[in-house]
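Biologist: I am new to this structure and would like a close look at a single part, the nonpolar core. Could you take me through it slowly, beginning with the protein as a whole?

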Amino acid sequence: MNRTEEHSTDRVMYYFRKEKWVLLVVTATGIIYNIGMAAGPWFEGQLVQCLCDIIAKKCRPSYMCRLAAAYVLTILFVQFMRYFKRLYVRRFANNISKNMKMTLYRNLLHQKNSEQEKAGSMMAKIISDADACVEGMRKFTTEIFDTGVVMAAYLAMLLHYDWRLTLLSMLFPPIAYCLAEKLKGVVTKNTAQSRESSARLNEATLERITNAVTYRICGQETNQNAVYEQYLADYEVKAIRAGIWENAMQPIYQVISMMGTVMIIWFGGQNVFGTGWSVWNVAAFTTFFSCYHKLAVKSSKAAKLFNAVQKARVSWTRIRPWLKPVSEEAKTAFLSPAALSVKNVSFAWPGQKPLFSGVTFHAEPGEIIGITGKIACGKSTFGKLFTGELAYEGQISFGTSEFSGKGNRYEACVGYLGHRPELFDDSILENICMGNPGDIRAVLKAVCMDQEVDALPEGANTVIGSRGVRLSGGQQARIALARILYHQKPLMILDDPFSAVDMETEKLIFSSLRLRAKDSIILLISHRLSLFPLMDQVLWMENGTVTVSDHRKLMGQNESYRQLYEAQNVSEKVQEIPEKFRKPSKKEDHGHAFE
């Protein structure tokens, strides 16, 4: 097995190999448990024989008590093994579900053509298919022992007692298998219809919640309720129909498998009376009958397993494209510092004229690119192009790899800070670390928040409330920026990070960015231009066009930029850039700002 196969998340064996140690425990306990199950019929036969001997006064009751005690101890040990097997099978299924869904969620976030299918419907189908795959893999892992191993043990015992009667009585279980095979198409069809109906109901539910106020105001609430009831009724019918086909056939499989008992009673009775193919006592007859009964029950479960595996196979075919792994070359390219190349990039909302077009520029690691323009010119939208959320025309490359395209891991190289900080109801520490252990002191100092955090009653462990409601706007923005610096990436998109801080603090944070991000490219989106003389490049967005230049040239050549800069009461004269605000030279060996 090569390394590519080992990390192929779109192959079933990848998930089995990933859980090999869990499966090793399942295998050991499963073999012990299921071979031990074959001891049950033997003990049952011996107990019946012992009872007959006691009645005939051929043995003492104390022997039966010892035999019963041994039976109980054996069953307890076997059930103990069963407990551990089931525990680790469930752990196996949970781990697969987690790994599979993490891959699906990551790839779904980067789906560029989500408008082709409604989000609710897509999510319902894909997650439902993933659950079906996990369930099929769990049942396969369980039944390979609970059905395969134990059936082999039962069959060995049957052949030992009378191979002719075994072959005769075993004609019926294969009939149950064939029936299950014939009906699997019907089961699959009804299950698919139920799943599609569930997806439509989910989408209708989401739509009703989203537009509830509009329907009420327009007097359409009653009509929409009637439509929703139709979706609900359709789902109820299809779900029941799918459940009937999947579950009601189980007793039929079992009845067919048990028809061999007629042969056992007739020919087995002859064996007991000494006129059959073998010479049996009561213990042998009881053991044989019990073994066959248990084998027949297991065979019906095997038929049910075929249906589960078939459904899992269909679901796997549908979700496999969403599980495609990212090439090692792409991962390496995205994780390392590299140049950013943007060529002729355009974006338009569906049915509207381009918001901007023809954007072309090149940036090297260590550069900070300022992006600005008038309100609603597309600044924030341009920043989101680098997160994989929006489809665009043109080409964006990071190093030697194409940055666009389904399946690329944008999160591997992009750190994104929106203009609305996304904070959650937890401590400052957890909002920055996001579960990754480490010291946040350096990044707090980089965003000028260290002293303010120290002044809080519980310091970095202070809970900030939902969306950071217990902090000021400036503190919220700086905590979000500290998170980006803590999880530093080769490309960072910062959307208006300084809007709620004073200019002196803004300069201090900017100097920290220069030093901490000396190997990263920063796209800094802002409506405040006080720092734009310090930018390595400036993108000015106006009326659908983007001018790429620097501050000095724009002040002399672009009237709109100059007026906006002067309107913010910033001196027109470009001052000499202090050393700490410069892009570090490649020959220089700067450390982090606050190490």
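Modeller: Of the 595 residues in the protein, 46% are buried, and I should say at once that this is a predicted model. The chain forms 22 helices and ten strands, and among contacts between residues at least 6 apart in sequence, 77% join residues that are at least 24 apart. The protein exposes about 30,500 Å², of which carbon and sulfur atoms supply 57%. In soluble globular proteins, nonpolar side chains tend to be buried together.

The largest nonpolar core here has 42 residues, and those with the most contacts inside it are Ile432, Ile479, Phe498, Ile522, Leu524, Met535 and Tyr561. Helix 19, which spans residues 473-486, gives the most to this core, with six residues. To see the surroundings of one member, take Leu524: leaving aside residues up to four places away in sequence, Leu524 touches Ile368, Ile369, Gly370, Ile371, Leu494, Pro497, Phe498, Phe510, Leu513, Phe532 and Met535. Apart from the largest core lies another core, of 29 residues, among them Val342, Val359, Ile521 and Leu539.

Strand 1, residues 340-347, is also mostly covered, since six of its eight residues are buried. Five bridges join strand 1 to strand 2 (residues 356-363) in an antiparallel arrangement, with Phe347 standing opposite Phe356 of strand 2. Strand 1 is likewise joined by five bridges to strand 4 (residues 393-398), and these two also run antiparallel, with Leu340 standing opposite Phe398 of strand 4.

Methods. Residues numbered from 1 in each chain as written. Predicted model: local features only at pLDDT ≥ 70, side-chain atom pairs only at ≥ 80, totals over all residues. Heavy atoms only, no water. Core = buried A, V, L, I, M, F, W, Y, C linked by side-chain atoms within 4.5 Å. Buried < 20%, exposed > 50% of the residue type's maximum accessible area, 1.4 Å probe, protein only. Helix = DSSP H or I, 4+ residues; strand = E, 2+ residues; numbered from the N terminus. Contact = heavy atoms within 4.5 Å. Areas by Shrake-Rupley, 256 points an atom, 1.4 Å probe, with all protein chains shown as cover. Pairing = 2+ DSSP bridges.
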